[in-house]
Amino acid sequence: MMDQNAHAAHAFWLYQLTHLIIFSSLPPTYWGTLIIIWGNFPDIDALFHLLQKKDPNDMNFQHHLEYWTHWPISYIPIFLMAIISWILNWQSEFFLFLVVGILSHLIADSACCGDGLMWRKIPWKSNQFSPFVNLFSSKTDGYHGGYWVPRWRQTIMFKISIFETILGIFFLSLHTIFIESSFWSIFGILIFLVTLSLSFWPINTKYKEEPPEGRYADYRKNPQYLAWMERCGYSFNKKYQARKKNKK
């Protein structure tokens, strides 16, 4: 998991860049603003968690393990449609929007998270898993929910996301003042201001302590995941991540 501000900012700037490279122009303002929201789509599984009357601040918020929205293979149909749209020159701008929003989220969730992502998890196979990819996560790996937040705020990626957001607000403000004062540019600024404020929302002091369940009370204690590891020849390495037994 990465916070909403980081996902919004990453999606915004990656979309601006890819649109400029592919179409030799910046995207229309409405796409540039909507990507801020779409970049957070995979985290809709937090809503599923709430509907089950579970607290997303608890260590049991294991959405990267439990929900298809964070399994990259689930999005293959969208990626295939994007390729077809590019070949046929049909709605390619729209499918670029979809792909960039999803990919920016998934790539970001492969770093500084409590667990990372299972890039080879097959959605329709309930007892099949894959190793989690979680880069630059020495401070955050093994923490979830509210316990992850204070650790995340100590990382360089958190600081980068804040810089990206401030730059995004500046960019949209210039667009509003000098190019076009539109609903979408103003709306984008407001969304960024909201996500930025959430990034500095006060943290309950209990989440700054170690969780009662202990660190790594996640897939590393999940019976199904452990059974898959044993069945497929995996063990935990020194970083407590699943790797083939003949690899460190």
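Start with the charges: colour the Lys and Arg side chains one way and Asp and Glu another. You'll have 22 positive and 17 negative side chains on screen, and the centres of the two sets sit 11 Å apart. Keep in mind that this is a predicted model.

Now switch on a surface. The protein exposes about 12900 Å², and 68% of that comes from carbon and sulfur atoms. Of the 248 residues, 49% are buried.

Drop the surface and go to cartoon. You should be able to pick out 10 helices and 2 strands. Following the sequence, the pattern runs α-α-α-α-α-α-α-α-α-α-β-β, with the two strands coming after the helices. The radius of gyration is 19 Å, close to the 18 Å from the globule rule for 248 residues, so the protein is as compact as a globular protein of that length. Turn the C-alpha trace along its principal axes and it spans about 60 × 50 × 35 Å. Count contacts between residues at least 6 apart in sequence, and 66% of them join residues at least 24 apart.

Next, select helix 1, residues 4-23, and zoom in on Thr18. Is Thr18 buried or exposed? Its relative accessibility is 18%, and the cut-off for buried is under 20%, so Thr18 counts as buried. Show its side chain: a polar atom there lies 2.9 Å from the backbone oxygen of Leu14. Leaving aside residues up to four places away in sequence, Thr18 touches Leu96 and Val100.

Move on to helix 8, residues 156-179, and select Ser161. With a relative accessible area of 0%, Ser161 is buried. Which backbone oxygen does its side chain reach? That of Phe158, at 2.6 Å. Now light up the neighbours of Ser161: beyond the residues up to four places away in sequence, it touches Asn5, Ala6, Ala9, His10 and Trp152. Four of those names should be easy to find if helix 1 is still on display, as that helix covers residues 4-23. For a longer reach, draw a distance from Ser161 to Asp43: the two are 118 residues apart along the chain, and their C-alpha atoms are separated by 17 Å.

Step along to helix 9, residues 183-199, and pick Phe183. This one is out in the open: at 54% relative accessibility, Phe183 counts as exposed. Try another distance here, from Phe183 to Thr33. They are 150 residues apart in sequence, yet 10.0 Å apart in space, C-alpha to C-alpha.

Finish with two backbone oddities. Which loop holds Gln91? The one between helix 5 (76-88) and helix 6 (92-108). Check its torsions: phi of Gln91 is near 55 degrees, a positive value in a residue other than glycine. Its relative accessibility is 45%, so Gln91 counts as partly exposed.

The other stop is Phe136, in the loop between helix 6 and helix 7 (148-152). Phe136 isn't a glycine either, but its phi is positive, at about 50 degrees. Put the surface back on to see how it sits: at 66% relative accessibility, Phe136 counts as exposed.

Note on methods: Residues numbered from 1 in each chain as written. Predicted model: local features only at pLDDT ≥ 70, side-chain atom pairs only at ≥ 80, totals over all residues. Heavy atoms only, no water. Helix = DSSP H or I, 4+ residues; strand = E, 2+ residues; numbered from the N terminus. Buried < 20%, exposed > 50% of the residue type's maximum accessible area, 1.4 Å probe, protein only. Contact = heavy atoms within 4.5 Å. Polar contact = N/O pair within 3.5 Å; in protein donor to acceptor, adjacent residues only side chain to side chain. Rg over C-alpha atoms; globule rule 2.2 N^0.38 Å. Areas by Shrake-Rupley, 256 points an atom, 1.4 Å probe, with all protein chains shown as cover. Charge placed at Lys NZ, Arg CZ, Asp CG, Glu CD.
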